[in-house]
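Biologist: Before we start, please show me the model. I will ask how each label is justified, and you can set the value against the rule.

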Amino acid sequence: MCTKVPDGVENNKGNIYMASTSPPSVIKAYKEQFQRDFSFFLKCRSEELVAGGRMVLTILGRKSEDPSSKDGCYIWELLAMALNDMVSEGIIEEEKMDTFNIPQYTPSPNEVRSEVVKEGSFNVNQVEVSQVNWNSYDNAFSPSEALDDNGYSVAKCMRAVAEPLLVSHFGEAIIDEVFRRYREILADRMSKEKTEFINVIVSLTKRG
């Protein structure tokens with residue numbers, strides 16, 4: 001959850017989000033932007049609820065306390081790979097790549113709980129974590145369909161999210177090629193390892 005790219009991520013060279021190679025200043029900038037945005041979100045929602053009113057939020061997050069961990073950042077790291085390949089081939093300008101960052105933060109359950117307590121409008125009833133397989137099919141029940149998917153569904157889903165941001169920064173001409181490469185990378189990773197999104201679900205009650 002972030003409403004804008006945070007200030008202070010200008011030195012995130014070769015990345016489009018938090019990554020294992022991002023400097024500590026980038027991780028700090030993303031976290032602080034999340035704290036500001038989430039606190040403001042909670043404040044606004046609290047004004048809409050009566051005392052005792054309940055709210056349940058589902059947030060794309062991570063299990064690990066490390067903000068650059070794989071369970072929160074991997075999907076964007078793979079898109080960065082596709083973009084960096086195009087930079088190396090001269091299709092995308094390196095300067096353009098180095099100034100593009102995704103306006104999102106995937107918090108851990110503890111970070112979500114901490115910000116709710118700090119903002120003060122709500123009591124936390126429960127915090128849970130769930131996993132959603134990247135593959136649109138359940139391998140246990142439809143193994144042949146899972147193999148046939150070849151990253152198509154995930155690439156299509158991520159294109160719906162990222163295309164407006166990419167078009168705004170890089171222009172429309174590269175989009176089809178970016179997502180063709182991205183799909184190939186996704187298919188390769190999904191065939192070799194378990195890949196899943198992490199949801200943080202929090203139940204809140206408005207304080208009296």
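Modeller: Let us begin with a pocket; the model is predicted. The largest share of the lining of the second largest pocket, four residues, comes from α6.

Biologist: Which helices supply at least two residues of the lining of that second largest pocket?

Modeller: Helices α2 and α6 (152–170) each do so. The lining of the second largest pocket has 14 residues, and nearest its centre lie Leu60, Trp76, Gln104, Met158 and Val161. The space in this pocket is about 180 Å³.

Biologist: What makes a residue of that lining nonpolar, and how many are there of each class?

Modeller: The class follows from the residue type: Leu, Trp, Met and Val count as nonpolar, while Asp, Glu, Lys and Arg count as charged. By that rule the lining of the second largest pocket has 11 nonpolar residues, three polar ones and no charged ones.

Biologist: How many cavities of 30 Å³ or more does a search of the whole structure find?

Modeller: The search finds one. The largest cavity has a volume of about 80 Å³. It is lined by 13 residues, and the closest to its centre are Asp71, Gly72, Ile75, Glu196 and Phe197.

Biologist: Why is one space called a cavity and another a pocket?

Modeller: The word depends on the way out: in a cavity a 1.4 Å probe fits but cannot get out, whereas a pocket is an open set of points.

Biologist: Which elements supply at least two residues each to the lining of the largest cavity?

Modeller: They are β1, α2 (70–88) and β3. Helix α2 gives the most, with six residues. By class, the lining of the largest cavity has seven nonpolar, three polar and three charged residues.

Biologist: Why is methionine 86 called buried?

Modeller: Buried means under 20% relative accessible area. Methionine 86 has 0% relative accessibility, so it counts as buried. Methionine 86 is found in helix α2. Leaving aside neighbours within four places in sequence, methionine 86 is in contact with Ile91, Ile92, Ile174, Glu177, Val178 and Arg181.

Biologist: How far apart in sequence and in space are methionine 86 and valine 116?

Modeller: They are 30 residues apart in sequence and 41 Å apart in space, C-alpha to C-alpha.

Biologist: Why does phenylalanine 34 get the label buried?

Modeller: The same cut-off applies, under 20%. Phenylalanine 34 has a relative accessible area of 1%, so it is buried. Its place is in helix α1 (residues 24–46). Phenylalanine 34 and lysine 96 are 62 residues apart in sequence and 24 Å apart in space, C-alpha to C-alpha.

Biologist: What makes you say that strand β3 is mostly covered?

Modeller: Strand β3 (residues 196–206) has 11 residues, and 10 of them are buried.

Biologist: How do you know that β3 pairs with strand β1 and with strand β2?

Modeller: Two strands pair if there are at least two bridges between them. Strand β1 (residues 54–61) and β3 have eight bridges, in the antiparallel sense. One of the bridge partners is leucine 204 in β3, which stands opposite methionine 55. Threonine 58 has isoleucine 201 of β3 opposite it. Strand β2 (residues 122–133) and β3 have 11 bridges, also in the antiparallel sense. There, glutamate 128 has isoleucine 201 in β3 as its bridge partner.

Biologist: Which residues of β1 make up its covered face, and which its uncovered one?

Modeller: Met55, Leu57, Ile59 and Gly61 form the covered face, and Arg54, Val56, Thr58 and Leu60 the uncovered one. In a regular strand the side chains alternate between the two faces of the sheet.

Biologist: Now the whole chain. How many helices and strands does the protein have?

Modeller: The protein has seven helices and three strands. Along the sequence they follow the pattern α-β-α-α-α-β-α-α-α-β.

Biologist: Why is the protein called as compact as a globular protein of its length?

Modeller: The globule rule gives 17 Å for 208 residues, and the radius of gyration of the protein is 19 Å; the value is close to the rule, so the protein is as compact as a globular protein of that length. Of the 208 residues, 45% count as buried.

Methods
Residues numbered from 1 in each chain as written. Predicted model: local features only at pLDDT ≥ 70, side-chain atom pairs only at ≥ 80, totals over all residues. Heavy atoms only, no water. Buried < 20%, exposed > 50% of the residue type's maximum accessible area, 1.4 Å probe, protein only. 1 Å grid on protein atoms, 1.4 Å probe; cavity = no way out; pocket = protein on both sides within 12 Å on 5 of 7 lines; lining within 4 Å. Points joined across faces, edges and corners; volume = space filled by probe spheres on them. Rg over C-alpha atoms; globule rule 2.2 N^0.38 Å. Contact = heavy atoms within 4.5 Å.
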